Amino acid sequence: MTIETRAHDAQALWQKDKDHFIHPFTDFSTFHEEGCDLITDSDGIYVQDAKGNRFIDGIAGLWCVNVGHGRREIGEAMADQATRMAYFSTFNNLSNAPAAELSARLAELAPAHLNHVFYSCGGSTANDATIRLVHYYFNRLGKPAKKRIISRNNAYHGTTYLAATLTGIASNNWDFDTLDHLVTHLSEANCYRRPEGMTEADYCDHLVREFEDTVAEIGADNIAAFIAEPIMGAGGVLVAPTDYHKRMQAVCRANDILYIADEVVTGFGRLGHFFASEAVYETQPDIINCAKGLSSGYAPLGATLISDTLYDVLSTPQGPGGVLSTGFTYSGHPVSCAAALKNIEIIEREGICENVREVGPYLEERLASLSHHATVGDVRGSHFMMCLENVADKQTKALFPVEARVGDRVAFEAQQRGLIIRPVGHLNIVSPPLIWTRETVDRVVDILDAALTATTATLKADGYL
Ligand SMILES: Cc1ncc(COP(=O)(O)O)c(C=O)c1O
């Protein structure tokens, strides 16, 4: 294909996309005019757009391409499975080889008590299915009042109806309806913006007390579960105070409330382990949800890892003819499961968790060096899950007005220099493929340094500084 043809194709594709594709989370104030950038090629830590521009991928697609792009062996595993047996039902006592194999692998990798897997198509459906299973579990135990789910402000758990209700980012639900009778939100754990003068330990006490007070108010008999991301992702890469998760779990245990860890982002290596709950935060969730890195984004897949205790109840028929009547056509899809199996093989073979444990602290340290910029209020996160919080005033932590679009500005300047990072309001997220080396980190930090300098200049020019 000549460059001219490619350019023509790119223009035609851009038009088709603009005319017909309703994109998720897209700002239509610019979309109607500008459309989208088409990403057409990828390789390792790089992606390329339709115009031939190459970028370092600083967001692993969308926190998911953990083993990096262009892995031929994953493509081949998927093609082999697709041509041998692309799809058959997993309902009614039928199964397939990759789903059986993957279930056993996940049971091996997960904390010891989580030995059973319920498959869905991604993170939202994993969370949605989980809440249905949790309600069913308590109904079966004769505790039908236990319905309320405790989530947190700024949590992100997806956008199916129930997952969107669990989500606590207010702007995500503007003018959408939510199932409010099912969910109560606690405060998020935001160490950077904790009350003035409060130590981190006191802040942790305060958050745990809020949970205890909420349980007392609603009544443990009415609460089914607490759901939390180990590190809150889309809500701002918020790392909770030390022992927060352990203490929240203790409140759950004391009140017969199930603890659900949403590891859709943290799972599969992002924090240096297949799962962060036990390895990093010393918690033993009743349920862990994962998606994204499970298949490194090569195929849609979500999984809910369920404890033996829950499974015993879920797997007891309601009575003659009773079945567990929930699941998806694509639960345990063979091609997705084949992708996940190959992905796990690569993570283990290449020591990708080890790489994250080795390079992650270096990424944290080098990004922290950007704090000298006038607009960088906080650099936070852990390992390959990082974020810059941009502020107008470091002393007061005051934000720029929304119309300054500071996150977009930084992302734009970075992209001009060959790096894609993710703007979320006034934040910029860095959540790369887990194969970045120290050398990649150095290149990325140089780009961000220049991007932040350029952003300060444009903010000044536009009267925001
Ligand atoms: C923690 C968390 N849970 C759930 C989801 C929803 O996953 P999906 O977009 O695959 O439905 C996301 C997506 O970013 C997420 O970050």
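## Sheets and helix packing in a predicted model

I39 in strand 1 stands opposite D49 in strand 2. The model is a predicted one, in which local features need pLDDT of at least 70, side-chain atom pairs count only at pLDDT 80 or more, and totals for chains, interfaces and linings use all residues. Residues are numbered from 1 along each chain as its sequence is written, and side-chain values use heavy atoms, with hydrogens and water left out.

**The four-stranded sheet**

Helices (H or I, at least four residues) and strands (E, at least two) are DSSP runs numbered from the N terminus. Two strands pair if DSSP finds at least two bridges between them. Strand 1 (residues 39-43) and strand 2 (residues 46-49) are joined by four bridges in the antiparallel sense. They form a hairpin with two residues between them, and G44 in the turn has a positive phi of about 60°.

Both strands belong to an open sheet of four strands in the order 1-2-3-15, with mixed pairing. Its edge strands are strand 1 and strand 15 (419-420), each of which pairs on one side only. Strand 15 runs parallel to strand 3 (residues 54-57), and two bridges join them. D57 has I420 in strand 15 as its bridge partner.

**The seven-stranded sheet**

A further open sheet is formed by seven strands in the order 4-12-11-10-7-5-6, again with mixed pairing. Strand 4 (114-120) and strand 6 (183-186) are at the edges with a single partner strand each, so one side of each is left without a neighbour in the sheet. On average, neighbouring strands of this sheet are turned by 25° against each other, direction ignored.

Within the sheet, strand 11 (residues 287-290) and strand 12 (residues 302-307) pair in the antiparallel sense over four bridges. The bridge partner of I288 in strand 12 is L305. Helix 6 (residues 123-140) packs on the sheet and touches strand 4, strand 5, strand 7 (223-228), strand 10 (258-262), strand 11 and strand 12. The direction of helix 6 makes about 170° with that of strand 10. Helix 9 (residues 244-254) lies across strand 5, strand 6, strand 7 and strand 10, and runs at about 145° to strand 10. Contact here means heavy atoms within 4.5 Å.

**Helix pairs**

Two packed helices are described by the angle between their axes and the distance between the axes. Axes are lines fitted to C-alpha atoms, for helices over the stretch in contact, and angles run from 0 to 180 degrees between N-to-C directions.

| Helix pair | Angle | Axis distance |
|---|---|---|
| Helix 14 (residues 406-416) and helix 15 (residues 438-461) | roughly 130° | within 8 Å |
| Helix 5 (residues 97-109) and helix 12 (residues 334-349) | about 40° | 8 Å |
| Helix 13 (residues 352-368) and helix 15 | about 20° | 10 Å |

Angles under 35 degrees count as roughly parallel, over 145 as roughly antiparallel, 65 to 115 as roughly perpendicular and the rest as oblique. A crossing is left-handed if the near helix is turned anticlockwise from the far one by less than a right angle, and right-handed if clockwise. In the residue classes, Ala, Val, Leu, Ile, Met, Phe, Trp, Tyr, Cys and Pro count as nonpolar, Asp, Glu, Lys and Arg as charged, and the others, Gly among them, as polar.

Helix 5 and helix 12 pack at about 40°, which makes helix 5 oblique to helix 12. Their crossing is left-handed. On the helix 5 side the contact involves P98, A99, E101, L102, R105, L106 and L109, which meet P334, C337, A338, A340, L341, I344 and E348 in helix 12. This contact has eleven nonpolar, no polar and three charged residues.

Helix 15 takes part in two of the tabulated packings. With helix 14 the arrangement is oblique and the crossing right-handed. V406, R409, V410, E413 and A414 of helix 14 meet helix 15 residues including I447, L448, A451 and L452. The residues of this contact divide into nine nonpolar, two polar and two charged.

Helix 13 and helix 15 are roughly parallel to each other, with a right-handed crossing. E358, V359, Y362, L363, R366 and L367 of helix 13 make the contact with R438, V441, D442, V445 and L448 of helix 15. By class, seven of these residues are nonpolar, none polar and four charged. L448 appears in the contact with helix 14 and in that with helix 13.

**Aromatic pairs**

Eight aromatic pairs are found in the whole structure. Rings of Phe, Tyr and Trp (its six-membered ring) pair if their centres lie within 6.5 Å; planes under 30 degrees apart count as stacked, over 60 as edge-to-face and the rest as tilted. The ring centres of F25 and Y156 are 6.2 Å apart and the planes are at 65°, so this pair is edge-to-face. F25 lies in the loop between helix 1 (3-20) and helix 2 (28-34), and Y156 in the loop between strand 5 (148-152) and helix 7 (161-166). The pair links distant parts of the chain, 131 residues apart.
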